[in-house]
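Thanks for making time this morning. I would like to walk you through one model, beginning with its aromatic contacts and then moving outward to the surface.

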Amino acid sequence: GGKPFLENGGGAGATQINLGNFGGGKKKEKPAEDLSFIESRDLTREEMLEINKKNEEIMNMELSAMTGFSLVLSLPILYLCWVAFFSD
């Protein structure tokens, strides 16, 4: 068994706040929203492995990007330190 997995990334539009409750406007009766497109089921092992592999590749890319970015940012600082220490 596993935790149920929301197919469409969690009901983004599922919870809608009806602003008529606050503004004193006339509250219209809305029909219940159709949430049947959200399918709750368990991931299969293959899907799990596939998602893990994709996430790992993305994480590695992000890690190398962050490392490169921090190196690029630290270069001028290192240069300034070098100049400050080795100038007369």
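The structure holds one aromatic pair, where rings of Phe, Tyr and Trp (for Trp, the six-membered ring) pair if their centres lie within 6.5 Å, and planes under 30 degrees apart count as stacked, over 60 as edge-to-face and the rest as tilted. The partners are W82 and F86, in a tilted arrangement with 4.7 Å centre to centre and 45° between the planes.

I should say that this is a predicted model, in which local features need pLDDT of at least 70 and side-chain atom pairs count only at pLDDT 80 or more, while totals for chains, interfaces and linings use all residues. Residues are numbered from 1 along each chain as its sequence is written, and side-chain values use heavy atoms, with hydrogens and water left out.

Both W82 and F86 lie in helix 2, four residues apart, about one turn of the helix; helices (H or I, at least four residues) and strands (E, at least two) are DSSP runs, numbered from the N terminus. Helix 2 spans residues 45–86 and also contains F85, and the chain as a whole follows the pattern β-α-β-α.

Are these rings buried or exposed? W82 has a relative accessible area of 57% and F86 one of 60%, so both count as exposed, as does F85 at 68%; the cut-offs are under 20% for buried, over 50% for exposed and partly exposed in between, with a 1.4 Å probe and protein chains only. Across the 88 residues of the chain, buried residues make up 1%.
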